[in-house]
Amino acid sequence: MKLYKKEGNIIQILSFPNETVEKGDYLLIEDADAGKALIAQVIDVQFASIPGILEELLRSLPDGGELIQGEDFDPLEIAPHITYIQDASLLICKIRATVENESLSPSSSWLPSRSQSTIKKLPIPTLIKLAKIDGKLPIILGGTKDSSLLTIDALSLDGRLNIITGKKETGKSHLSKLLMLNLIGYKATVVVFDLNGEYLSLGMTTDGKRNAYHDKIHVLTPSQNFKVALKQLNLHVLLEILIHALHLPGTSAREFRRIWQSLKERDMLNMHELGEAIRNWHCNQHVRDALFSRYYALVNSCFFTDNIAEATFLEECVFKAKEHGGAIIINLRNTSPIDRQIVVEYLLAKFVELLTSSRLKAIFLFAEEAHLYLRETYWDDIVTRMRHFGIFTTFITNQPDTVRENIYRQADNIFLFNFTNEHDLEVVSRAARVDAETVKSIARDLPPHYCLGLGRVVKDFPMVIKVKALDVKTMGETRLFFKDTN
Amino acid sequence: MIEQYTIATTPKYNFPQPTTNTTLPQRLIEQSIHSLKHAQNQPFQLNQQIFQQTNNIETQALQLKLQPIPLQSKHEETIVAAVDTSSMKIGETATGTLIAVRGANVWKQNRNYRYIRLGPFIFHITEENKKEVYNTLQTAYFNTQHEHNHHSPPNLQQMPTRIASLLERWLQTTLTKTINNGLILFDGSLTTGTADTPTSLMKEILEAARKRRNIVLAFSKMTNLRFNGHLITDILLEHKPPYLLETVGLKTKPPIVLLGDIYVARLTKGNYAFRLDIDKQVTPEQKIEAVEKLLGNDLLSQSYPETLRLAHILCTFTANEVIAMQHFTAQAYKLKIINRPDMHRLLFGPFGKGENNA
């Protein structure tokens, strides 16, 4: 390999056919005289622009598009040299860091010698060691391109905003389960908004037996084993639900506030009394009708109960998880969109309450397709305000444009699976810790179950990872009509 | 002789019979390797302006008959074969020049084009070895002493074209002694008596062709022949092509000899015409018939036969091949590549257009 060109932080390297380099590989460009080396990542492999190549190709097809038949008497065997030159490739590389005295710096301000520099592939284990990617709390994500294990540090997920994205059936949920289970292993409290019921059987192995996580997976299904009593709620939480999920107008909300205060003063906060209070409240008939319609929506969701004993499971689970680590799976599979919003509004408010009162240290929230249940104003809340309380979110989506741009800008880690659509890649490339060229070039060619890890988890050295298999019943598979035929 | 195979089959190719020296490629290889070995570990200077050389010698004025000879395509199946060679200087060493030559024979048979390509042969030519290389090849090929020896040994600049000419003559001989009842297309003219085109050798080639009832047609891409001050190929009549214009009265001084009758051939629509030399020794009728058979048996585009175009294309060196040959010499013979500064560029900056454009 030979150093050819440097423009900004892009380096072009000429590579010959006997040197196998692929997209995503790391190269070490060492300048012995300068005592420094550049670490560059191959983001694209192109044909080298060889003079005369067009003539060469045209010459081989002069006979109406068919190869002209003939014999070459090439006594000096120049032909292999011709193909060697023809097959030379140009590696477009992005400079990631400079190594000097075995320490890394993000600088790319110096220029290695074009004639004296030596260029070689940098094995991923060496890079991991140099960049200190594996830390005190290792999580084995899978294999790297050169078949070594890639271990990240759980600390790099702590207090961070993560995004897992990629097109359908590329393995996003699989990775989120892997991260989740490893966090549980380190006694973390994990909450999952499970839209499709994919996480319900994480406590089972693929052959249906209990696994090590069985006692740590707590599945809460709203209106079944997960209900709340009005007494457990703060007024502002219920108002958020009424205004944002059930679109209660402002005037009616003011009347509701008065009804609530009245019931609270009389210690009569329950669904039955709430219905009675609305019925007997002196107010405009339209307001009463508005309040009644929302009241019946709450009743019909079956999420609210007057039986306090029924409404304690969430807190029980949270405190179990706090003690030994565990995951609270909120099963939203058969929940209507409005009920989903009611549940999520309640949960987020509840967690903030638990965190602010220091009854919980922090939670790792995994939100699948969050746009389906998270109201607009909550996005910013989650990534800014709630982060300070200790809610560290991982968004999982196959529609990257449903996640707002400012979320990408603040994302600390991105796990990017395959995308072929230019628009999708454009959206993801807005993330602050990512350069657009890397995303667009590498993500497009990722095979299923391979992801590009970006951000703090890989110390800003984007890495292609083959996500390891899990021995858990994942239930993320799509139900098929022609399954038997296949 | 319709449906008669005009090329006798051999496992590789119809190389000439033993009367012709078939060892030229072997000698080329030997001389090539021998010369390169002597250049081993020498630094060499990349050629700053790569050029291909052609040769054409025409001096006398002539008359052009402005009565066109109309032509009709004759589809009687006839093999069409063509020869071309290329030479190139690929770099310089401290003591000499690295050159490469390659040649190609192309023929059209059963509506398919086929080729055999020889080379590239790379030589390291120095003042010391140029005579030896050239004479060895010449003797190996000619067997008899031709008037070549009357000429002074070629200088280094001429060596690429001179070695390519040797290869071209050999390829021409091969075709003339292999094909029957065919048309053999040469690149250039049938003017002889120059260092590259010894008259006796060219006579032998033409005679060999005639013996097998072949007719040699030589197409020149460039000519200096003028009529009434205009290049003969620029004189385009109103007549609808294809046609020939005959020239007469061209006189040459010894040692220059014209072995062909010279025509202007305008074979397709468009403003392209070429000087066409046809073997003097064949009858005018045979000459016309040969061109008509060419029209009926080969593709013609811009008045130029496809077979000859392919021969040219196949032997031409592309920049990619030049790099590959430089790579080969550097790898196999450890020649260190040094870029000697271009003094014109060095002295005159953007006003220096390079040594070859001074």
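User: How are α7(A) and α8(A) oriented to each other, roughly parallel or roughly antiparallel?

Analyst: This is a predicted model, and the angle between two helices is read from their N-to-C directions, where angles over 145 degrees count as roughly antiparallel. Helix α7 (residues 271-280) of chain A and helix α8 (residues 285-300) of chain A pack at about 165°, and therefore α7(A) and α8(A) are roughly antiparallel to each other. Their axes are 10 Å apart, and the crossing of α7(A) past α8(A) is left-handed.

User: Which residues of α7(A) and α8(A) make the contact?

Analyst: On the side of α7(A), the contact is made by A:Met271, A:Leu274, A:Gly275 and A:Ile278, while α8(A) brings A:Arg288, A:Leu291, A:Phe292, A:Tyr295 and A:Val299. Sorted by class, the contact of α7(A) with α8(A) has seven nonpolar residues, one polar and one charged.

User: Turning to the sheets, what is the order of the strands in the open sheet of chain A?

Analyst: As a general idea, the strands of a sheet pair through backbone hydrogen bonds, either parallel or antiparallel. In chain A, an open sheet of eleven strands with mixed pairing follows the order β10-β9-β21-β20-β19-β11-β18-β17-β12-β16-β13. From one strand to the next, the twist averages 30°.

User: Which strands stand at the edges of this sheet?

Analyst: The edges are held by β10 (149-153) and β13 (217-220) of chain A, each of which has a single partner strand, so one side of each is left without a neighbour in the sheet. For an example of a pair within chain A, take strand β9 (residues 138-143) and strand β21 (residues 463-467), which run antiparallel and are joined by two bridges; here A:Gly142 stands opposite A:Val467 in β21(A).

User: How many residues does each chain give to the contact between chain A and chain B?

Analyst: Chain B gives 25 residues to this contact and chain A gives 23 residues. On the side of chain B that touches chain A, at least two residues each come from α1 (24-37), β6 (112-126), α6 (306-315) and α7 (319-333) of chain B, and the largest share, nine residues, belongs to β6(B). By class, that side of chain B has 17 nonpolar, five polar and three charged residues.

User: Which strand of chain A is joined to β6(B) by bridges?

Analyst: Strand β5 (residues 69-73) of chain A is joined to β6(B) by five bridges, and the two strands run parallel. To locate this pairing in the structure, start from A:Gln69, whose bridge partner in β6(B) is B:Arg114.

How values were computed. Residues are numbered from 1 along each chain as its sequence is written. Chains are lettered from A and ligands numbered from 1 in the order in which they are written. This is a predicted model: local features need pLDDT of at least 70, side-chain atom pairs count only at pLDDT 80 or more; totals for chains, interfaces and linings use all residues. Two residues are in contact if their C-beta atoms, placed from the backbone, lie within 7 Å. Helices (H or I, at least four residues) and strands (E, at least two) are DSSP runs, numbered from the N terminus. Ala, Val, Leu, Ile, Met, Phe, Trp, Tyr, Cys and Pro count as nonpolar, Asp, Glu, Lys and Arg as charged, and the others, Gly among them, as polar. Two strands pair if DSSP finds at least two bridges between them. Axes are lines fitted to C-alpha atoms, for helices over the stretch in contact, and angles run from 0 to 180 degrees between N-to-C directions. Angles under 35 degrees count as roughly parallel, over 145 as roughly antiparallel, 65 to 115 as roughly perpendicular and the rest as oblique. A crossing is left-handed if the near helix is turned anticlockwise from the far one by less than a right angle, and right-handed if clockwise.
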